[in-house]
Amino acid sequence: MSVDVEMQYRDIQERYRTLGMYQIEVQADEQSLCDNLEDQWLELLSTTKSTDRSLVPVKKQFTKITFKQVNDFTDVASEFFKSFKQDGPSSVGADLDHGLSVLKSYKQRQSELEGERGELAKAEKLFDLQITAFPELLEVDKEIKALDKIYSLYEEQKRTREGWANTLWANLNMKTLSDGIEEYIKQLRKFPKEIKGMLVCQTLDEKMKEFKNSLPLIGNLKTEAMRDRHWERLMSETGKSFDMSPDTFTLANLFSMELHRFQEVIEDIVMSANKEMSIEKGLGEVEEIWRDLKFTTLKYMKGTEERGVILGSIDDILQALDDNAMNLQSMSASRYVMPFFERVQRWEKSLSHVSEVVDVWMNVQRKWMYLESIFIGGDIRTQLPEEARKFDGLDKIFKK
């Protein structure tokens, strides 16, 4: 340091000498300061050396104290290192929320130790001691910086997912969820190799992928086929219950189920819902057909004489009976018919009854038309008066 100071004041003196050569006027007090620079420095240097000699005993005492402080701090740093490795944020397993809390605690303690280390380094420098590196603290510092990146990403995606959780089921936008979680996974993939190799990073990666894999299941549950009975079964299978009211049913209810753990259950529930909806729609079509289907009647004419009213063509009715009977039979044989079993049975009985009635009706109508042509007019009435009398009674009943 003394060499540097000497070079500086000699440079200043040379500058003022140059000003004098060119007869550039300088203030007297300023020139006096320049001329006395060397004397003042030598006096200061002498005083410093004298003071330093007088402080040798004190420096020795403080050097011993510093040595002890460094040794004590080495023990503290070692204990901190052991604690960090055993109980730090890398040791929490899958509980990243706890890990985040632990990381904040260790970061605060590390900051305190860094402050103490800095003060010791100043003392070592003051007493011309070798600066102690404390490699264990350096290793902790490096790991904390890596963990900070991991937990910062975890905290950010957690806040985002909490925002999604408040979304009402009715307002679900699957693209927002899938694009959002994919972006966080991409951010994790950009981490350095040594960070991605850490257990905490792998745990976060696994959790985000689990959420991503649950999204198709959520999308499947969004089907219009889902009824209250299916949601009740889902709650029973997952052990979670919630209010299905459209005003309160949010994604938080589904997130809490950890759907990735129940993939097969959900797929079975959704398949059942879709199959049952197919049966429900089929029943609806049957009901609609028979609500609108009507018999047609025609005037029965003999020449210009109206002889009564008969059923018109029933081909459409017979076709509907055949088609619907087959559909109902298929529904009845399905393993998914239970929610509609009574309705299916009721319709099977009703259509069977309709079929029987139509068959009897057409048979009676054919016989009436045949007998009517025999007994109305002609000699047969006189030849078979008893039979004619019976037919007249039946004819009045039929025409009613």
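Of the chain's 400 residues, 31% count as buried. Keep in mind that this is a predicted model.

I'll start with the chain overall, then go through a few residues. The secondary structure consists of 16 helices and two strands. The radius of gyration is 50 Å, where a compact globule of 400 residues would have one near 21 Å. Along the principal axes, the C-alpha atoms fill a box of roughly 170 × 60 × 35 Å. Even so, if you take contacts between residues at least 6 apart in sequence, 71% of them join residues at least 24 apart.

On the surface: the accessible area of the chain is about 25,800 Å², and carbon and sulfur atoms account for 52% of that. As for charge, there are 57 positive and 71 negative charges, and their mean positions lie 5 Å apart.

Now the residues. Please turn to threonine 250, in the loop between α10 and α11. Is threonine 250 buried or exposed? Its relative accessible area is 16%, so threonine 250 is buried, the cut-off being under 20%. What does threonine 250 touch, once neighbours within four places in sequence are set aside? The list is Ala165, Asn166, Thr167, Leu168 and Trp169. With alanine 165 there is a specific polar contact: the side chain of threonine 250 reaches the backbone oxygen of alanine 165 at 3.2 Å. Tryptophan 164 is 86 residues away from threonine 250 in sequence, yet the two C-alpha atoms are 8.8 Å apart in space.

The backbone nitrogen of threonine 250 has a partner as well, since the side chain of asparagine 253 reaches that nitrogen at 3.0 Å. Asparagine 253 sits in helix α11, which covers residues 251–255. With a relative accessible area of 18%, asparagine 253 is buried too. Outside its neighbours within four places in sequence, asparagine 253 is in contact with Phe242 and Thr248. To put that together, threonine 250 offers its side chain to the backbone oxygen of alanine 165, while its backbone nitrogen is met by the side chain of asparagine 253.

Next, arginine 227. Where is arginine 227 in the chain? It lies in the loop between α9, residues 199–221, and α10, residues 228–238. Arginine 227 has 27% relative accessibility and therefore counts as partly exposed. Beyond neighbours within four places in sequence, arginine 227 is in contact with Met277 and Glu280. The side chains of arginine 227 and glutamate 280 are joined by a polar contact of 3.2 Å. In the other direction, lysine 209 is 18 residues from arginine 227 along the chain, and their C-alpha atoms are separated by 29 Å.

Compare that with a pair involving asparagine 213, which is in helix α9. Asparagine 213 and histidine 260 are 47 residues apart in sequence, but 6.5 Å apart from C-alpha to C-alpha. Asparagine 213 itself is exposed, with a relative accessible area of 52%.

Last, two backbone angles to check on the screen. Which sign does phi take at glutamine 23? Phi of glutamine 23 is near 55°, a positive value in a residue other than glycine. Glutamine 23 is in the loop between α1, residues 2–21, and α2, residues 28–35. At 74% relative accessibility, glutamine 23 counts as exposed. The other case is glutamate 258, where phi is near 50°, again positive in a residue other than glycine. Glutamate 258 is in the loop between α11 and α12, the latter being residues 263–292. Its relative accessibility is 38%, so glutamate 258 counts as partly exposed.

To close, the points to look at are these. The chain has a radius of gyration of 50 Å. Threonine 250 contacts residues including Ala165 and Trp169. Arginine 227 and glutamate 280 are joined through their side chains. Positive phi values appear at glutamine 23 and at glutamate 258.

Technical notes. Residues are numbered from 1 along each chain as its sequence is written. This is a predicted model: local features need pLDDT of at least 70, side-chain atom pairs count only at pLDDT 80 or more; totals for chains, interfaces and linings use all residues. Side-chain values use heavy atoms; hydrogens and water are left out. Helices (H or I, at least four residues) and strands (E, at least two) are DSSP runs, numbered from the N terminus. The radius of gyration is taken over C-alpha atoms; the globule rule is 2.2 Å times the number of residues to the power 0.38. Buried means under 20% relative accessible area, exposed over 50%, partly exposed in between (1.4 Å probe, protein chains only). Contact means heavy atoms within 4.5 Å. Accessible areas come from the Shrake-Rupley method with a 1.4 Å probe; for residues, only the protein chains shown count as cover. Lys and Arg count as positive and Asp and Glu as negative; His and the chain ends are not counted. The place of a charge is taken as NZ of Lys, CZ of Arg, CG of Asp or CD of Glu. A polar contact is a pair of N or O atoms within 3.5 Å; within protein, one must be able to donate a hydrogen and the other to accept it, and residues adjacent in sequence count only if both atoms are side-chain atoms.
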